[in-house]
Amino acid sequence: MSHWTTADMPDLKNKLAVVTGANSGLGFHTALELARNGAQVVLACRGREKAESAMNAIKVAVPGAQLEFMALDLADLDSIAAFAKAFKARHQKLDILHNNAGVMALPLVRTKQGFEMQIGTNHLGHFALAGLLLDVLLVASAARVVSTASLAHNWTRSMDFGDLNWERKRYKKWDAYGKSKLANLLFTYELQRRLSKAGARAISVAAHPGYAATNLQTAGPTMEKSALGRMFMRMGNALLAQSAEMGALPQLYAASMPDVRGGDYYGPDRMGGNRGYPKKVGSNQASRDEDSARRLWALSEKLTGVRYLSE
């Protein structure tokens, strides 16, 4: 795996992939390289204009790329249900579901259904999406659900199941972000356990980009209205971060390589996981707690109304 790059990706002809948040950053480069290697890629994004701009850029780099835009707002369960229904009306199977889209360190805002935006988008939206697409994933010969996690899962001690949506305690945006990324890993590992128990051929894996320079750090309200905060983010991107192209490598490895196994987690190999080429990595004890994973699964089913792979 040493110095693995997209030049080492296998042929993905006849594979169909859905990439959430594919219009920019890690999602864009993931969609680009999947398409370059022959996959048909659905760009699942909130807005048509940005998605079509991304598609045009991909087609310049990959003439003949098989691309499709489908509207998806992960902060709205109605949008997720509509996406799944429309997808299954057009496609009979799904080989790669890449849960890539995310938000980071927002001020306290809520999704359409009232969830705190970070846990709602980063975890609950993707939880519901995977459940609603499970039947077409299981039709594929060897489907993968790839979730984009983060080193930020180390920034929080544990999930707060009594107040998942920050309705009682004082809101802390960075702790909320850490909890949402911890939830991504708890979901990844629990989904794999349930797929294995069901005898499914599909697998669940995760990857993180290290410190990658994307618009996640500076776009929208990430740093609230702090010009100083945005300046520090830009300085960090310029001085410390690796490119989005490099940051996407672990998730591309997870999505495509034949040696990937269910429950694997990939990230950069240098500078404490902040930069470098993809390798298999570990995650903290909280992310591996099976009781927490089961509790999160049950709570996620209750909040989203999407139930699947029940024990």
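A crossing of two helices is left-handed if the near helix is turned anticlockwise from the far one by less than a right angle, and right-handed if clockwise. Keep that in mind for three helices here, where helices are DSSP runs of H or I with at least four residues, numbered from the N terminus.

This is a predicted model, where local features need pLDDT of at least 70, side-chain atom pairs count only at pLDDT 80 or more, and totals for chains, interfaces and linings use all residues. Residues are numbered from 1 along each chain as its sequence is written, and side-chain values use heavy atoms, with hydrogens and water left out.

Let's start with H6, residues 173–197. Of its 25 residues, 21 are buried (under 20% relative accessible area, 1.4 Å probe, protein chains only), so H6 is largely enclosed by the rest of the structure. After H6 comes glycine 199, with a positive phi near 75°.

Now for the packing. Axes are lines fitted to C-alpha atoms over the stretch in contact, and angles run from 0 to 180 degrees between N-to-C directions.

| Pair | Angle | Axis distance |
|---|---|---|
| H3 and H4 | about 25° | 10 Å |
| H4 and H6 | roughly 20° | within 7 Å |

H4 and H6 are therefore roughly parallel (angles under 35 degrees), and their crossing is left-handed. Contact means heavy atoms within 4.5 Å; here it involves, among others, Phe127 of H4 and Phe187 of H6.

H3 and H4 are therefore roughly parallel too, but their crossing is right-handed. Their contact includes Phe83 of H3 and Leu129 of H4.

Methods:
Helices (H or I, at least four residues) and strands (E, at least two) are DSSP runs, numbered from the N terminus. The expected span of a helix is 1.5 Å times one less than its number of residues. Buried means under 20% relative accessible area, exposed over 50%, partly exposed in between (1.4 Å probe, protein chains only). Angles under 35 degrees count as roughly parallel, over 145 as roughly antiparallel, 65 to 115 as roughly perpendicular and the rest as oblique.
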